[in-house]
Amino acid sequence: MRAQFVMSEIGVGLRRNLTMTFAVIISVALSLALFGGSLLMRDQVSAMKGFWYDKVNVTVYLCTKNDAIDAAGAPATAGAPAAGGGKPCSKGAVTPEQKQGIETELKKMALVQTVMYESSDEAYKHYKERFGHTALASVVTPDQMPDSFRVKLRNPEKYAVITSAFAGRDGVQSVADQSSELDNLFALLGTLNWAALGIMLIMLIVALLLIVNTVRVSAFSRRRETGIMRLVGASGFYIQVPFIMEAAVAGLIGAGLACGMLGAGQYFVIDHGIALRDKLQLINFIGWDAVLTKLPLVLVIGLLMPSLAAFAALRKYLKV
């Protein structure tokens, strides 16, 4: 098969169906850009989970004298019910023995990485540093702040183990976990990612339909040439190659545009221009390494998807 003939036929096909080829390129570019963006979003969520969950602590708050008074006079509102159905802190403030027992048990757990004790005075100091400008801070006293254990877990997603082990125990007011707030954020990001995948799927179907129609129109416009090639003994594959290559070239151009969109998004939105990396320093944004690893996949899909679609369409259309 002569390469010159194939290239000339590709050029003829692209020129004859310029409008539909352009539509194929744009559809492929948008669908693959959404596909690559969805993969990058998944990497971003994973990076954020690793960054934020690594900073999540489980806090075991200990009972104070004020908690014991509240438990005796009215239902307590904080923490889980104590064992046996009683109110949290109904047996009084935490004793030194209970405090020591809780700390020892925490340190023995394989799930626990570190345990840090925070006294009520230290908690009050940290509270004043964070909320000292508010009106409520003026009426809060150190004795209202409970002692606590700040627990860092080896696997923060298993915080429920700590909650079930210590919530409701004598001397424990409540067990608080910060990851519940992060779970809502990651659930939202996951929903957005699925929405992007849904739009990508729709665009991909549109692109495939355009590819099939473009190939069929191109084959119909050149039915005289293909008929002559059949009469002189050309194989079906020889006749199909120029059409498949046309679709592959259009898909590859679209994939190149998609790669450009992904690179432009990383450069102008994350690193420069809008510069979210500088403005939102609390978020651990992915880098160029994540983007560059997705580009070959986008190019391969952009090359193979139109080629296979054209091959499937031509098998029936060019059969004699």
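# Exercises: ring pairs, salt bridges and one helix

A search of the whole structure, which is a predicted model, finds 2 aromatic pairs.

## Exercise 1: Classify the two ring pairs

Task: work out whether the pair Y117 and F149 is stacked, tilted or edge-to-face, and then do the same for Y267 and F268.

Solution, step by step:

1. Start with the general recipe: a pair of aromatic rings is described by the distance of the centres and the angle of the planes.
2. For Y117 and F149, the ring centres are 5.4 Å apart and the planes stand at 55°. Planes under 30 degrees apart count as stacked and those over 60 as edge-to-face, so this pair is tilted.
3. Now place these two residues in the chain. Y117 belongs to strand 2 and F149 to strand 3, with their positions 32 residues apart, so to speak a link of distant parts of the chain.
4. Check how open each partner is. Y117 is partly exposed at 32% relative accessibility, whereas F149, at 0%, is buried.
5. Turn to Y267 and F268. Their centres lie 4.9 Å apart with planes at 80°, so this pair is edge-to-face.
6. Accessibility finishes the picture: Y267 has 38% and counts as partly exposed, and F268, with 47%, is partly exposed too.

## Exercise 2: Follow strands 2 and 3 to a salt bridge

Task: find which residue meets the side chain of E118 in a salt bridge, and where the two partners lie.

Solution, step by step:

1. The partner is R150, with an N to O distance of 2.8 Å.
2. E118 sits in strand 2 (residues 112–118) and R150 in strand 3 (residues 148–153), 32 residues apart, and the pair links distant parts of the chain.
3. Buried means under 20% relative accessible area, so E118, at 5%, is buried. R150 has 21% and is therefore partly exposed.

## Exercise 3: Compare two more salt bridges

Task: the whole structure holds 7 salt bridges; for two of them, D170 with K91 and E103 with K107, describe the setting of each.

Solution, step by step:

1. In the bridge between D170 and K91, the closest N and O atoms are 3.4 Å apart.
2. Both partners come from loops: D170 from the one between helix 6 (159–166) and strand 4 (172–177), K91 from the one between helix 3 (65–73) and helix 4 (96–108). They are 79 residues apart and connect distant parts of the chain.
3. D170 is partly exposed at 37%, while K91 is exposed at 67%.
4. For E103 and K107, the closest N and O atoms are 3.1 Å apart. Both residues lie in helix 4, separated by 4 residues, or about one turn of the helix.
5. K107 counts as exposed, with 51% relative accessibility.

## Exercise 4: Find the two faces of helix 4

Task: which residues of helix 4 are buried, and which exposed residues does the face turned away from them carry?

Solution, step by step:

1. Begin with the length. Helix 4 has 13 residues and spans 18 Å from first to last C-alpha, close to the expected 18 Å.
2. The buried residues are I102, E103 and L106. They cover an arc of only 95° around the axis, which puts them on the same side of helix 4.
3. The face turned away from the buried side carries the exposed residues E97 and K108.
4. Finally, look at the neighbours: the buried residues of helix 4 pack against strand 1 (57–62), strand 2, strand 3, helix 6 and strand 4.

How values were computed: Residues are numbered from 1 along each chain as its sequence is written. This is a predicted model: local features need pLDDT of at least 70, side-chain atom pairs count only at pLDDT 80 or more; totals for chains, interfaces and linings use all residues. Side-chain values use heavy atoms; hydrogens and water are left out. A salt bridge is a side-chain nitrogen of Lys or Arg within 4 Å of a carboxyl oxygen of Asp or Glu. Buried means under 20% relative accessible area, exposed over 50%, partly exposed in between (1.4 Å probe, protein chains only). The expected span of a helix is 1.5 Å times one less than its number of residues. The arc is that of the directions from the helix axis to the C-beta atoms. Contact means heavy atoms within 4.5 Å. Rings of Phe, Tyr and Trp (its six-membered ring) pair if their centres lie within 6.5 Å; planes under 30 degrees apart count as stacked, over 60 as edge-to-face and the rest as tilted.
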